[in-house]
Amino acid sequence: HAYRPRRVSRAPVPPVGRLPVPWAAALLAVTVPRGSSSPLALWGTPVIAAAASRLGLAAVRGRSFPAGAGAGGRLAVRGLLNYALYLGIAAIALRHLSAGMGAVLASTIPLLLAAAGYAFLGERLSGVRLAGLAIAFVSVVIVMWSRTSSSDQPGAMLLILLANVFYAAGTILFKRWHPIEHASVLNGVQFLAAGVAVLVPSFLFEPLSTVKLSASFLAAMAYLLFAVSLGAMSIWFYLLRQGEATRASSYFFLNPIFGLFLGALLLAEPVHALDIAGTLGVALGIYTVQRP
């Protein structure tokens, strides 16, 4: 199961249509139980549970754990960047942003990774690929801009952008360090480092009285554990191991689109003709990035 560096094929990254669904619905999972939990506790608890399940499974199956402090430290750093800093900061910032603004800001991740992949990984950044990224991003802005709010706080917007930088840094380090550990060990160690980093400040600064075992809180916890922590993140690392970071990250443009239709399905939110046009634009942009 070791990852061996190899020349990246020009064939498209295998399409994994299941990735955007859990990521899009994660926004609902974080924001729906606002009155039942503080944001760090809501995110940190399922991450620790995911770490325990992953590491326990790895131990039962006899997987090799990181050899030495250096290998374990690299996994811990990626866990802090991808989970603790990115998702922890986003969970706090989303409490002060509309869903539309959150989606627009989150869609800058593929643009950041395209620039970082070109600068640090030597990935090709052709005019066609840039055009695809631009088409998808503009389409997201067109769809979600009407769903922004005048109450969106500038400080929260900056936090989301900062979180995106941490996520891009974690992704670049993943590609540069070429982890050889099995996926269960890889994710387990990262979850453990992130869970500790998120729950410690939660215990220090968030009153435990805010945690209420309501139905919405338990449902959000279960979703963040199984669909996001154990599901979506595993798919994401699979995509990164199979191809370029720029191409894999283009699927992020689907997150707000899936979130839009999930909102219509679960919360009876309206869908307009412009939304359909924007969805087609996102599909065109992703196809342009992914094509050989």
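E244 is buried, with a relative accessible area of 13%, where buried means under 20% relative accessible area, exposed over 50% and partly exposed in between, computed with a 1.4 Å probe on protein chains only. In this predicted model, local features need pLDDT of at least 70, side-chain atom pairs count only at pLDDT 80 or more, and totals for chains, interfaces and linings use all residues. Residues are numbered from 1 along each chain as its sequence is written, and side-chain values use heavy atoms, with hydrogens and water left out.

The acidic residue E244 forms a salt bridge with R129, and their closest N and O atoms are 2.6 Å apart; a salt bridge is a side-chain nitrogen of Lys or Arg within 4 Å of a carboxyl oxygen of Asp or Glu. Since R129 lies in helix α6 and E244 in the loop between α9 and α10 (245-249), the pair ties together parts that are 115 residues apart in sequence. R129 is itself buried, at 10% relative accessibility. By the rule above, the count comes to two salt bridges. The other pairing joins D275 and R147, with 2.8 Å between the closest N and O atoms. This pair also links distant parts of the chain, with D275 in helix α12 (residues 273-290) and R147 in the loop between α6 and α7, 128 residues apart. D275 is buried at 2% relative accessibility, whereas R147 is partly exposed at 23%.

Turning to the overall fold, the secondary structure of the protein chain comes to twelve helices and zero strands. Helices (H or I, at least four residues) and strands (E, at least two) are DSSP runs, numbered from the N terminus. Buried residues make up 50% of the 292 residues in the chain. Among contacts between residues at least 6 apart in sequence, 92% join residues at least 24 apart, a contact being heavy atoms within 4.5 Å. The chain exposes about 13,100 Å², and carbon and sulfur atoms supply 71% of it; accessible areas come from the Shrake-Rupley method with a 1.4 Å probe, and for residues only the protein chains shown count as cover.

Confidence varies along the chain. The mean pLDDT (the predictor's confidence in each residue, from 0 to 100) is 80, and 83% of residues reach 70 or more. The mean is lowest in helix α1 (residues 20-31), at 52, and highest in helix α6 (residues 127-144), at 93. Over residues 1-21 the pLDDT is below 50, and this stretch has 50 contacts in the model beyond near neighbours in sequence.

The interior comes next. In soluble globular proteins, nonpolar side chains tend to be buried together. A nonpolar core here is a set of buried Ala, Val, Leu, Ile, Met, Phe, Trp, Tyr and Cys residues joined through side-chain atoms within 4.5 Å. The largest such core has 57 residues, of which W236, F237 and F253 touch the most other members. Helix α9 (residues 215-242) supplies the largest share of this core, with nine residues. Apart from it lies another core, of eight residues, among them A90, L97, A156 and I160. Leaving aside neighbours within four places in sequence, F253 is in contact with S107, P110, L111, L133, A136, F137, V140, V282 and I286.

Helix α8 (residues 183-205) offers three polar positions worth a look, one of them being S202. S202 is buried, at 4% relative accessible area, and touches S38, L40 and A41, not counting residues up to four places away in sequence. Q190, also found in helix α8, is buried at 0% relative accessibility. With neighbours within four places left aside, Q190 is in contact with L75, R78, G79, N82, Y83 and F237. S184, again in helix α8, counts as buried at 3%. Beyond residues up to four places away, S184 touches R54, A58 and R63, and its C-alpha atom is separated by 9.0 Å from that of G56, 128 residues apart along the chain.

At the surface, I92, L112, L159, L162 and V165 make a nonpolar patch of about 350 Å². Patches are made of residues with over 30% relative accessible area and no salt bridge, with like charges joined within 9 Å and nonpolar side chains (Val, Leu, Ile, Met, Phe, Trp, Tyr) within 5 Å. Helix α7 (residues 154-177) gives the most to the patch, with three residues. L112, in helix α5 (residues 109-121), counts as partly exposed at 32% relative accessibility.
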